[in-house]
Amino acid sequence: MSLVTLHVLRCHGLAARFINPSRLVATGGPVVFKRFVAVGKLRRNMSYATVERGALNTTDYRIFYKNDLNVPISPMHDIPLYADEEKKILNMIVEIPRWTNAKMEICLKETLNPIKQDVKKGKLRFVANCFPHHGYIWNYGALPQTWENPEILDEATGCKGDNDPIDVLEIGYRVAKRGEILKVKVLGTVALIDEGETDWKIIVIDVNDPLADKMNDVNDIEKHFPGLLKATLEWFKIYKIPDGKPENHFAFNGEAKSRDFAMHVVEEVHKHWQNLMKQEDPAGGIICCNVTVEDSSFKISAETAEEILEKAPEPVEPQPVEPIVDKWHYVHLK
């Protein structure tokens, strides 16, 4: 059986039905098995490298990830949610650095789930600058190993999930790099209702930020970052209006919920992800291939993962962005 065929079978949860365990000895199976056990033990203290492919500002641009063993991995599935579970420190994947406009996101429908720029109607998507904001006003990203299930009503909001990993707003002083993995502590959350779907925004701060030790709950945000919560609500209400869409709304009348509430939400969406990985067939169109998730029917080999990365376009120089992306839009709320 070829690596490509095996990869396809695993991605659709069928590999176990076609692989003869007696052949593993002949193919070096036990060695591979030991290697992945080691990955499972090491990954919580692991650092990650990014691999850029294609040209920035084009539809070919991708950011892939590798772990400490130089194995290509999925940021969605192979990077653990917790950097330190005992201290409740989470890993955050930075998709969009503060002040930038390109709508980058983990691509759930491509193998290894690289970061790519969103495309609408055949064009790259850039978020509008709604005065006085420019681009995103926080480091914006996602928590790995989370999934807002579109088939389950959120008990707090009464709306179903948006079929994405949960979103994160990192409010520290430093502008992060695209693709960077930050260790963050949770401060609170707001619940955006985006076109009828629950879209939680978990507010966090980088543990290395100078103010991190003083930031322990949602009330500390206004104390040390006065005006930021108000600006956050305004930003999400108006950012789609220049595209001809209506004003967004929030659950709880825009009230920011506490750290404990936010951690409960995070645990819930982590459970949804765990259930996703236990299924025989992928849900919501999500590609679940991974190299480290124990007992996952979607697990692929390191060799197959490397083969996928090698097929991505070679990196080339970034392309220019049209000046219209910098336009400021003056939006009036009703």
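Welcome to this structure; a good place to start is Ile89, whose bridge partner in strand β13 is Lys185. Keep in mind that you are looking at a predicted model. The protein chain averages a pLDDT of 88, and 86% of the residues score at least 70. Residues 1-44 call for a little care: the pLDDT there is below 50, and the stretch has 65 contacts in the model beyond near neighbours in sequence.

**Strand β5 and its partners**

- Strand β5 covers residues 89-96, and 8 of its 8 residues are buried, so the strand is largely enclosed by the rest of the structure.
- One partner is strand β13 (residues 181-194), which pairs with β5 in the antiparallel sense over 5 bridges.
- Another is strand β4 (residues 82-84), joined to β5 by 2 bridges and also antiparallel.
- Between β4 and β5, Asp84 has Ile89 as its bridge partner, and Ile89 is also the residue that partners Lys185 in β13.
- β4 and β5 make a hairpin with 4 residues between the strands, and Lys88 in that turn has a positive phi of about 60 degrees.
- Strand β11 (residues 139-142) runs antiparallel to β5 as well, with 3 bridges joining the two.
- To find this pairing in the model, look for Ile93, which stands opposite Ala142 in β11.
- While you follow these strands, it helps to know that side chains in a regular strand alternate between the two faces of the sheet.

**Salt bridges**

- The model has 16 salt bridges, and a few of them are worth visiting.
- Asp118 and Arg125 meet through their side chains, with 3.2 Å from N to O; both Asp118 and Arg125 are buried.
- Asp199 and Lys201 form another salt bridge, at 3.0 Å from N to O, and here too Asp199 and Lys201 are both buried.
- Lys311 pairs with Glu307 at 3.9 Å, N to O. Is Lys311 buried or exposed? Lys311 is exposed, because its relative accessible area of 61% is over the 50% cut-off.
- Salt bridges also link Asp194, Glu195, Lys240 and Lys245 into a network.

**Cysteines**

- How many disulfides does the model contain? The count is 0.
- Cys107 is buried, with a relative accessible area of 12%.
- Cys130 is buried too, at a relative accessible area of 3%.

**Aromatic rings**

- There are 15 aromatic pairs in the model.
- One of them brings together Tyr136 and Tyr140 in a tilted arrangement, 5.1 Å centre to centre with 50 degrees between the planes. Tyr136 and Tyr140 are both buried.
- Phe236 and Phe250 make an edge-to-face pair, 6.5 Å centre to centre with 80 degrees between the planes.
- That pair links distant parts of the chain: Phe236 sits in helix α5 (residues 228-238) and Phe250 in strand β15 (residues 249-250), 14 residues apart.
- Phe236 is buried, as is Phe250.
- If you select Tyr136, Trp138, Tyr140, Trp235, Phe236, Tyr239 and Phe250 together, you will see a cluster linked by ring pairs.

**Backbone details in the loops**

- Which peptide bond is cis, with omega near 5 degrees? The bond from Phe131 to Pro132 has this geometry.
- Pro132 belongs to the loop between β10 (129-130) and β11.
- Asn113 is not a glycine, yet its phi is positive, at about 45 degrees.
- You will find Asn113 in the loop between β6 (104-106) and β7 (115-117). Asn113 counts as buried because its relative accessible area of 0% is under the 20% cut-off.
- Gln145 is another residue other than glycine with a positive phi, near 55 degrees.
- The loop between β11 and β12 (167-170) holds Gln145, which at 5% relative accessibility counts as buried.

Note on methods. Residues numbered from 1 in each chain as written. Heavy atoms only, no water. Salt bridge = Lys/Arg side-chain N within 4 Å of Asp/Glu carboxyl O. Buried < 20%, exposed > 50% of the residue type's maximum accessible area, 1.4 Å probe, protein only. Disulfide = S-S within 2.5 Å. pLDDT = per-residue confidence, 0-100. Contact = heavy atoms within 4.5 Å. Pairing = 2+ DSSP bridges. Phe/Tyr/Trp six-rings, centres within 6.5 Å; stacked < 30°, edge-to-face > 60°.
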